[in-house]
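Me: I would like a close look at one part of this model, namely the sheet. Please take me through how its strands are ordered and paired, and then through what lies around it.

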Amino acid sequence: MLREKEGLKYSTAKEAKRKMGGDGKVFTLAQVSEHNTPKDCWLIINDKVYDVTKYLKDHPGGDEVLLSATGKYATDDFEDVGHSDSARDMLDQYYVGEIDISTIPTKTTYKPPNSNQDK
Ligand code: HEM
């Protein structure tokens, strides 16, 4: 599980740079965590930050799961559901920036330099 998560995260970080040209804003976890209400709801998925406020009422999984996924690294929550490609495509429209992953207190942000586990 751990390995899988790291693989996902890193490949997505590269993808983010390619897609966004690296000019997205970078937020800390504390900054993102301020947006945790039904009127202002941000999520962190795969190193990117999304403002899903407008999507809360339309989300097929309901607004509660989105609200409970704020203020933390919600990649696992998002991935565990097995969201469709069209769900993934929707992410772009809610993109507001990147997360500074060093502000997220989780072991999965650390990758040993000699690791070959996610290749
Ligand atoms: C911006 C982020 C998200 C988008 C755009 C999104 C979009 C969608 C879409 C389009 C579906 C319909 C099924 C599909 O196409 O896969 C769906 C279902 C679902 N989502 Fe999300 N989702 C997001 C985040 C999340 C998060 C963070 C969670 C969990 C904490 C979650 C939980 C669910 C659940 C449980 C369903 C299944 C609903 C059902 O079939 O009854 N989603 N989501």
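Reply: What follows goes through the sheet strand by strand, and then turns to the core, a few single residues and the ligand.

The model is a predicted one, and the values below are computed from it. The protein chain has 5 helices and 5 strands, and read along the sequence these follow the pattern α-β-α-β-β-β-α-α-α-β. The unreviewed UniProt entry carries the annotation "domain: Cytochrome b5 heme-binding" for residues 24-100. That span is 31% helix and 26% strand, and its end C-alpha atoms lie 11 Å apart.

The sheet is open and has 5 strands in the order E1-E5-E4-E3-E2, with mixed pairing. Strand E1 (25-27) and strand E2 (36-37) each have a single partner strand and stand at the edges, so one side of each is left without a neighbour in the sheet. As a general point, strands of a sheet pair through backbone hydrogen bonds, in either the parallel or the antiparallel sense.

Starting from the E1 edge, E1 and strand E5 (residues 95-99) run parallel and are joined by 3 bridges; here Phe-27 stands opposite Ile-99 in E5. E5 also pairs with strand E4 (residues 48-51), this time in the antiparallel sense and again over 3 bridges, and in this pair Tyr-50 has Tyr-95 of E5 as its bridge partner. At the other edge, E2 and strand E3 (residues 40-45) run antiparallel and are joined by 2 bridges, with Asp-40 in E3 as the bridge partner of Thr-37.

Two residues show how the strands sit among their surroundings. Asn-36 has its place in strand E2, and it is partly exposed because 16 other C-beta atoms lie within 10 Å, a count that falls between the limits of 12 or fewer for exposed and 20 or more for buried. Leaving aside neighbours within four places in sequence, Asn-36 is in contact with Cys-41, Thr-70 and Gly-71, whereas its C-alpha atom is separated by 20 Å from that of Glu-79, which is 43 residues apart from it along the chain. Asp-51, whose place is in strand E4, is likewise partly exposed, with 17 other C-beta atoms within 10 Å. With neighbours within four places in sequence again left aside, the contacts of Asp-51 are Trp-42, Tyr-94 and Val-96. Asp-51 and Thr-70 are 19 residues apart in sequence, and their C-alpha atoms are 10 Å apart in space.

The loop between E3 and E4 holds Asn-46 and also Asp-47. Phi of Asn-46 is near 50 degrees, which is a positive value in a residue other than glycine, and Asp-47, although not a glycine, has a positive phi of about 70 degrees. Asn-46 counts as buried because it has 21 C-beta neighbours inside 10 Å, and Asp-47 is buried as well, with 24 other C-beta atoms within 10 Å.

The sheet also contributes to the largest nonpolar core, which has 16 residues, and of these Leu-43, Ile-44, Val-49 and Ala-74 touch the most other members. E3 and E4 each supply at least two residues of this core, and the largest share, 5 residues, comes from E3. Leu-43, with neighbours within four places in sequence left aside, is in contact with Tyr-50, Val-52, Leu-66, Ala-69, Thr-70 and Ala-74. In soluble globular proteins, nonpolar side chains tend to be buried together. For the protein chain as a whole, buried residues make up 18% of the 119 residues, and among contacts with a separation of 6 or more, 75% are accounted for by residues 24 or more positions apart.

Turning last to the ligand, 21 residues lie around it, and Pro-60, Gly-61, Asp-77, Ser-84 and Ala-87 come nearest. Helix H3 (63-68), helix H4 (75-80) and helix H5 (85-91) are the elements that give two or more residues to this shell, and H5 gives the largest share, 4 residues. By residue class, the shell divides into 15 nonpolar, 5 polar and 1 charged.

Notes:
Residues numbered from 1 in each chain as written. Predicted model: local features only at pLDDT ≥ 70, side-chain atom pairs only at ≥ 80, totals over all residues. UniProt positions renumbered as here; feature names shortened; annotations may be inferred. Pairing = 2+ DSSP bridges. Near = placed C-beta within 6 Å. Nonpolar A, V, L, I, M, F, W, Y, C, P; charged D, E, K, R; others polar. Contact = placed C-beta atoms within 7 Å. Core = buried A, V, L, I, M, F, W, Y, C linked by C-beta atoms within 7 Å.
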